[in-house]
Amino acid sequence: FIFISLLDSCFCQDSKLKLEPTQNFPRWLEDINSRTDQTSGITFIGKDNSNALHFLLCDDVGQIWRLIIDDKDNLSLKKVSFSKNVEKFLSSFHKKDFEEIFYDKYDKKVYLSIEGNSKNYLSEVGIYELLFYENNLFSDSIVSISKIKFEPENIFLRYVDNNIGYEGFCADSNYFYLGLEGLNFQPDS
């Protein structure tokens, strides 16, 4: 009876749930010097010593940004740079189609989902681990990128296609969760 009452109070009182925007939001992701293009993903990485909120953004045009929101709701954007090794690695991609960026608080790593956009899309599509300069998430430089190998690979790649990849990505303490774009399939019988 208690369980049913809890369910009833959680799910049957929709009319009491009201989502209100925070003062000064929503806003365009821009500051006086720059703005993002084609933002696809965002992840919260933490607060700095001044209590400013730090986020990482990825654009589907191959850019990663740091978004900082201070205690007065002022926004600032900083483009994250890539080392020469990372630039060289990404130069082989037909398009640097970044779809999701995710900070895994359990293993303290940042992951990036990239779609494949060419006849060789299977070699491009995937989840990539990013390493920041001096292993500092608040650094504005990415010094390493490496593709995560999912096993069995045929299941990971089963529904991807040219320009169809993983649009969403998150994790808990045990699993990664991937959101595949535009999946339209009939379950196996």
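**Group meeting: cores, a pocket and salt bridges**

Let's begin at Cys58, which sits in strand E2. Keep in mind that this is a predicted model. Is Cys58 buried or exposed? Its relative accessibility is 0%, so Cys58 counts as buried.

What does Cys58 touch, once neighbours within four places in sequence are set aside? One stretch of partners is Gln38, Thr39, Ser40 and Gly41. Gln63 and Ile64 are partners too. Then come Phe98, Glu99, Glu100 and Ile101, and also Leu112. Look at Phe102 as well. Cys58 and Phe102 are 44 residues apart in sequence, yet their C-alpha atoms are 9.7 Å apart in space.

Ile64 is a contact of Cys58, and Ile64 takes us to the main core. The largest nonpolar core has 21 residues. Ile64 and Leu130 have the most contacts inside it. Which elements supply at least two residues each? The strands are E2 (53–59), E4 (75–82), E5 (97–104), E6 (109–115), E7 (126–132) and E8 (141–147). Helix H2 (84–90) does so as well. As background, nonpolar side chains tend to be buried together in soluble globular proteins.

Now the contacts of Ile64, again leaving out residues up to four places away in sequence. Ile64 touches Leu57 and Cys58. It touches Lys78, Lys79, Val80 and Phe82. Further along the chain, Ile64 meets Phe98, Ile101, Leu112, Leu130 and Ile142. Note the two lysines in that list, Lys78 and Lys79.

There is also a second core, separate from the one around Ile64, with 12 residues. Its members include Phe150, Phe156, Val160 and Ala171.

Two of those residues return in the next item, the pocket. Phe150 and Phe156 both line the largest pocket. Its volume is about 170 Å³. The rest of the lining is Glu151, Pro152, Ile155, Arg158, Tyr159, Tyr166, Leu178 and Leu180. How many of the lining residues are nonpolar, polar and charged? Eight are nonpolar, none is polar and two are charged. Helix H4 (153–156) and strand E10 (176–180) each give at least two residues to this lining.

Stay with the pocket for one more residue, Tyr166. Gly182 is 16 residues from Tyr166 in sequence, and the C-alpha distance between them is 9.6 Å. Gly182 lies in the segment after E10. Its relative accessibility is 67%, so Gly182 counts as exposed.

Back to Glu151 and Pro152 in the pocket lining. The peptide bond from Glu151 to Pro152 is cis, with omega near -5 degrees. Pro152 is in the loop between E8 and H4.

Glu151 also brings us to the charges. The model has six salt bridges. Lys149 pairs with Glu151, with the closest N and O atoms 3.7 Å apart. Lys149 also pairs with Glu153, at 3.9 Å from N to O. Together, Lys149, Glu151 and Glu153 form a salt-bridge network. How exposed are these three? Lys149 is exposed because its relative accessibility is 57%, above the 50% cut-off. Glu151 is exposed too, at 60%. Glu153 has 38% relative accessibility, so Glu153 counts as partly exposed.

Another salt bridge joins the side chains of Lys109 and Glu129, at 3.8 Å from N to O. This pair links distant parts of the chain, with Lys109 in strand E6 and Glu129 in strand E7, 20 residues apart. Lys109 is partly exposed, with a relative accessible area of 31%.

Last, two backbone details. Which way does phi go at Asp73, positive or negative? Phi of Asp73 is positive, near 65 degrees, and the residue is not a glycine. Asp73 lies in the loop between strand E3 (64–69) and E4. Its relative accessibility is 22%, so Asp73 counts as partly exposed.

Asn135 has a positive phi as well, near 55 degrees, again in a residue other than glycine. Its place is the loop between E7 and E8. At 60% relative accessibility, Asn135 counts as exposed.

To recap: a 21-residue core with Ile64 and Leu130 among its residues, a separate 12-residue core, and a pocket of about 170 Å³. Add the network of Lys149, Glu151 and Glu153, and the cis bond from Glu151 to Pro152.

Methods: Residues are numbered from 1 along each chain as its sequence is written. This is a predicted model: local features need pLDDT of at least 70, side-chain atom pairs count only at pLDDT 80 or more; totals for chains, interfaces and linings use all residues. Side-chain values use heavy atoms; hydrogens and water are left out. A nonpolar core is a set of buried Ala, Val, Leu, Ile, Met, Phe, Trp, Tyr and Cys residues joined through side-chain atoms within 4.5 Å. Buried means under 20% relative accessible area, exposed over 50%, partly exposed in between (1.4 Å probe, protein chains only). Helices (H or I, at least four residues) and strands (E, at least two) are DSSP runs, numbered from the N terminus. Contact means heavy atoms within 4.5 Å. On a 1 Å grid over the protein atoms alone, a cavity is a set of points where a 1.4 Å probe fits but cannot get out, and a pocket is an open set with protein on both sides within 12 Å along at least five of seven lines; lining residues have an atom within 4 Å of a point. Grid points are joined across faces, edges and corners, and a volume is the space filled by probe spheres set on the points. Ala, Val, Leu, Ile, Met, Phe, Trp, Tyr, Cys and Pro count as nonpolar, Asp, Glu, Lys and Arg as charged, and the others, Gly among them, as polar. A salt bridge is a side-chain nitrogen of Lys or Arg within 4 Å of a carboxyl oxygen of Asp or Glu.
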